[in-house]
Amino acid sequence: MRLFFVMLLLAGHLFAKERPFIPLSSVVDLRVEDLRGAFVPLDDAGTAVQMNQDTTTRRQNEITMAAWIQNPRLVMGGSNDYRNGDASGGFYVSIDGGYTFNDALVTRGPAGVFEAAGDPVAAIDRNGRMYANYICFDRTTDDGGVYVQTSADSGLTWSTPAPIAEHINSPGADFEDKPYACCDLSATSPFVNTHYVSWTRFFASGGSPIFISHSSNGGASYTAPVRVSDSDACQFSCPASGPNGEVYVVFQDYWTSQIMVDKSLDGGITWGTDVAVAPFWDVWGQPNPCGTFRTPSYPMITCDISGGPHHGTIYVCWATYNGSDPDILLSSSSDGGVTWSAPVRVDDGPAGTWQWWQWLTVHPETGDLGIGWLDRRDDPSDCLYRPYATVSTDGGQTFAPSFPLTTVMSDPTVTNFLGDYNGATFRHDGGFYYGWVDTRNDVGDAYANWFRLKPPAPQGLVISVVSADARLDWNPIEDATYQVWRALTADGPYSVLVGVTSDTFMFDIGAFAIDEERFYVVKAVGD
Ligand SMILES: [Ca+2]
Ligand SMILES: [Ca+2]
Ligand SMILES: [Ca+2]
């Protein structure tokens, strides 16, 4: 590993920052099964953070999020980043679980030959290797391409850009657009740690099918692109991989207004006949009560690799116009994408209010489903928005009440371009992150916030008294710390007596009078 690190230092040349990093050997395999339960109230979870660290008032938008599934400290975000003028790909790395971020811009192709970059996509494989994936393009020529830079040292150094599709000095070239990516995170997959990138190829001659490519060598090189979609009228693709290395790609067929899925069972080499998940009514183009920004109905896909009760289930989520406003819908497949359930409503926004720009992710160990989106329900004039989120712990059958991820409202009228999407990821310890474009400071910043499921109450609480000492014992909950609460009556009020890290607590009762009663409650505390 050390040799590998040195090699990357020699090859890497851009946006190195002097700061600590998480060595790949520092994997901490925290288990999360015991941390499921009710929601942690937001004031117990994260405070919304700005991921981009520039001091300009220029725009950041189109947020992407990823986390290392074996270490809850490493979190990665990205966005279109205009701090230096025209668009580039901004990538933001946190090594403290998403509380603080460092940032950097991509190279914009070999030696930075392109005029602009964008559509950033973050991914992290099982080994902690980070993939920064983006498009490059010129505004004055037909040149462009799809590139990936990787980091094996938590963003200290990045590789030179590896091309997936590349057109340099190519008048009349096709335009490569809107990639999305995933890493195969299944330890039982023959293709584990493969990085898949799907995108739209706008043929110069007309038509826009979906293509895909992958890397099996940590992003050093990518396979020749192969076509996925049967239709020529597609956009907004997203790949996901399943427990045994199945690869799924979801995309819009905008000619038939259907959400389509195709799959590959040989690691992304050959693809089959597209299957329709559901029709959609594109939010983009419908009457917008406030603002002129774009609002495409992109579909997202994820697959449960948890080994839990919904192992292998595939989820697709999108926003659709319902005739008066957009809602967030979800469909799932438990037969490998052959058949899809009737769509269910995800958000609980009041009738007539806007919900859009959803992202979904499934926790790789619990199978919990997390979905975040932008929501206008809190502004009576249906203009200002803020992010909302929910979680399903039963395979997408029911959802917890939607709740906001920040107290601050954003104004979509400050710009005519808020990007085309936002992103989300699960931190390994169960923290669900949603990243969004936030206008509290300027025409857009990349913000993120997280919450997680609250630990359940410890079971098996017993008290034993020996002379003037009493001892509380309870069944341990992995990775939890505890608070012991005490009251004079069973109904309370209880107040915190002590915080403890072990599953036992001994204390002196010598000061109590004979027959004085005390009541104790033990709570498990998240991080
Ligand atoms: Ca900004
Ligand atoms: Ca196909
Ligand atoms: Ca709605």
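## Two loop residues with positive phi

Serine 257 has 14 other C-beta atoms within 10 Å and is therefore partly exposed, since the partly exposed class lies between the limits of 12 or fewer for exposed and 20 or more for buried. In this predicted model, serine 257 sits in the loop that connects strand E15 (247-253) with strand E16 (258-264), and its phi is near 55°, a positive value in a residue other than glycine.

Asparagine 169 also carries a positive phi, of about 55°, although it is not a glycine. The loop that holds asparagine 169 runs between strand E9 (162-167) and E10, and because asparagine 169 has 9 C-beta neighbours inside 10 Å, it counts as exposed.

## The sheet that contains E10

Strand E10, which follows the loop of asparagine 169, belongs to an open sheet of four strands in the order E10-E11-E12-E13, with antiparallel pairing. Strand E10 (175-183) and strand E13 (226-227) stand at the edges of this sheet, and as each has a single partner strand, one side of each is left without a neighbour in the sheet.

The partner of E10 is strand E11 (residues 195-202), to which E10 is joined by seven bridges in an antiparallel arrangement. Within this pair, alanine 181 is placed opposite valine 197 of E11.

## Strand E24 and its two partners

Strand E24 (residues 386-392) is mostly covered, with seven of its seven residues buried. Strand E23 (residues 369-375) runs antiparallel to E24 and is joined to it by seven bridges, whereas two bridges join E24 to strand E25 (residues 403-404), again in an antiparallel arrangement.

Alanine 389 takes part in both pairings: in E24 it is the bridge partner of glycine 372, and it also stands opposite phenylalanine 403 in E25.

## Nonpolar cores

The largest nonpolar core comprises 115 residues, and the residues with the most contacts inside it are Val250, Ile301, Val316 and Cys317. Apart from this core lies another, of five residues, which include Trp474, Ile477, Tyr482 and Ala524.

When residues up to four places away in sequence are left out, valine 250 touches Ser237, Cys238, Ile259, Val261, Pro299, Met300, Ile301 and Val316. Two of these contacts, Ile301 and Val316, are themselves listed among the residues with the most contacts inside the largest core.

Key
Residues are numbered from 1 along each chain as its sequence is written. Chains are lettered from A and ligands numbered from 1 in the order in which they are written. This is a predicted model: local features need pLDDT of at least 70, side-chain atom pairs count only at pLDDT 80 or more; totals for chains, interfaces and linings use all residues. Two strands pair if DSSP finds at least two bridges between them. A nonpolar core is a set of buried Ala, Val, Leu, Ile, Met, Phe, Trp, Tyr and Cys residues joined through C-beta atoms within 7 Å. Two residues are in contact if their C-beta atoms, placed from the backbone, lie within 7 Å.
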